[in-house]
Structures are given as C-alpha cells and as structure tokens.
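Colleague: I'd like to learn how to read charge pairs and cores in a model. Can you walk me through it?

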Amino acid sequence: MVTPLSRVNPRAGDCHVVLPRNDDENNKNNQVDLIAHSTTELNNIAQQTLAYADKGRILLFYGEMGAGKTTLIKALCQQLGVEGSVSSPTFSIVNEYATKNGRVYHFDFYRLKTQTEALDMGYEEYFYSGDYCFIEWPEKIPDLLPESYISIHISEQMDGCRKITLDKF
C-alpha cells in the first residue's frame with residue numbers, strides 16, 4: 001500500500017535534488033532525481049520539473065496507483081496558471097485546462113483496454129498540438145507515444161517519501 005505523501009514528514013522546504021554526474025555512463029539523458037518529503041514541496045518540484053522539461057510539452061507519468069501522479073500534475077497545472085479544479089480524467093480519459101499561454105491536456109489511460117481506443121479519441125491532435133500533455137499510465141499506449149518526451153517516474157521510498165525521477169527522451 002502506498003502511503004499518502006501528506007502523511008509523511010510534513011517539513012516544508014526539505015525537497016532535494018540529486019543532480020546527475022557528468023561522468024555517469026548510465027545517465028546519458030541527464031536524468032534528475034527529486035525527493036519529496038511532503039506535499040508542501042510540490043510547488044517547488046513542479047517548478048523544477050517544468051524547468052527541466054524546458055521546451056518539452058509531452059510529460060509521461062509512471063508510478064503505482066496512489067503514488068502521486070495526479071497530485072504532481074495538479075501542482076504543475078498550478079505553476080502553469082491553470083485556474084479552477086484539476087482532477088484525474090479517469091472516466092473522461094482527457095481533461096482540458098486553459099492557461100494564459102495555451103492549453104494543458106491531462107490524460108489518464110488507465111481504463112483503456114487497447115491502444116485503438118486512444119486512436120479513436122484522436123490522441124494525435126492533442127499530442128502534436130504544441131500544448132502541454134500530461135499523460136498518466138502511458139504504458140497503456142506504448143506504440144503511440146511521440147519520439148520526444150519527458151519521463152517522470154514516481155516511487156514511494158522506505159520512509160514514505162517520494163522519489164521523482166525525470167528523464168528526457
């Protein structure tokens with residue numbers, strides 16, 4: 001069972017970054033690890049994630065059910081200026097949010113049985129729009145993912161903190 005992040009070490013400002021070493025052969029994509037001790041750190045982590053993504057607009061979120069994918073996406077949307085409620089599009093598959101600089105599309109492919117369902121909904125229009133696309137459960141559509149994206153793996157650590165690994169592809 002995944003521990004809710006809000007119940008873990010609620011110390012603000014404890015987020016830390018494990019920067020990649022330039023000589024690390026296993027780190028060819030400049031992978032970065034962020035550690036979150038509480039939800040109070042998510043705005044900082046969202047800022048760092050968007051800075052890491054730079055011009056990348058396709059962000060794929062991997063993690064167990066309850067790891068914090070939607071919670072991190074809410075913080076990212078807040079940083080991008082989305083006003084109003086941000087929620088998981090579990091049943092609608094995609095939610096659209098407006099910002100001053102464009103749109104944010106939030107996908108949850110957990111319920112898809114086949115990749116054809118993503119094709120039928122016109123995923124390409126979203127993925128290649130130039131707007132942000134935050135995609136939960138991308139492993140459900142492996143053959144449809146664009147060539148360039150930011151991979152975000154969220155995992156619970158032994159102490160209940162979350163390790164958020166960012167990787168560019």
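Modeller: Let's take the salt bridges, then the cores, keeping in mind that this is a predicted model.

Colleague: What is the idea behind a salt bridge, and how many salt bridges are there?

Modeller: Side chains of opposite charge can pair when their charged atoms come close. Here the count is two salt bridges. One joins Asp 33 and Lys 163, at 3.7 Å from N to O. Asp 33 sits in strand β2 and Lys 163 in strand β8, so this pair ties together parts 130 residues apart in sequence.

Colleague: Is Asp 33 buried or exposed?

Modeller: Buried counts as under 20% relative accessible area, and Asp 33 has 13%, so that's buried. Its partner Lys 163 is partly exposed at 26%.

Colleague: Which residue does Glu 96 form a salt bridge with?

Modeller: That's Arg 103, with the closest N and O atoms 3.1 Å apart. Glu 96 is partly exposed at 45%, and Arg 103 is partly exposed too, at 39%.

Colleague: Now the cores. How many residues has the largest nonpolar core?

Modeller: Think of a core as buried nonpolar residues joined through their side-chain atoms. The largest one here has 29 residues, and Phe 61, Leu 72 and Phe 134 are among those with the most contacts inside it. Elements supplying at least two residues each include α2, β3 and β8.

Colleague: Which element gives the most to this core?

Modeller: Helix α1, with six residues. For a close-up, try Phe 134: its contacts include Leu 59, Ile 73, Val 104 and Phe 107. There's also a second, separate core of 19 residues, with Tyr 123 and Trp 137 among them.

Technical notes:
Residues are numbered from 1 along each chain as its sequence is written. This is a predicted model: local features need pLDDT of at least 70, side-chain atom pairs count only at pLDDT 80 or more; totals for chains, interfaces and linings use all residues. Side-chain values use heavy atoms; hydrogens and water are left out. A salt bridge is a side-chain nitrogen of Lys or Arg within 4 Å of a carboxyl oxygen of Asp or Glu. Helices (H or I, at least four residues) and strands (E, at least two) are DSSP runs, numbered from the N terminus. Buried means under 20% relative accessible area, exposed over 50%, partly exposed in between (1.4 Å probe, protein chains only). A nonpolar core is a set of buried Ala, Val, Leu, Ile, Met, Phe, Trp, Tyr and Cys residues joined through side-chain atoms within 4.5 Å. Contact means heavy atoms within 4.5 Å. Lists of a residue's contacts leave out its neighbours within four places in sequence.
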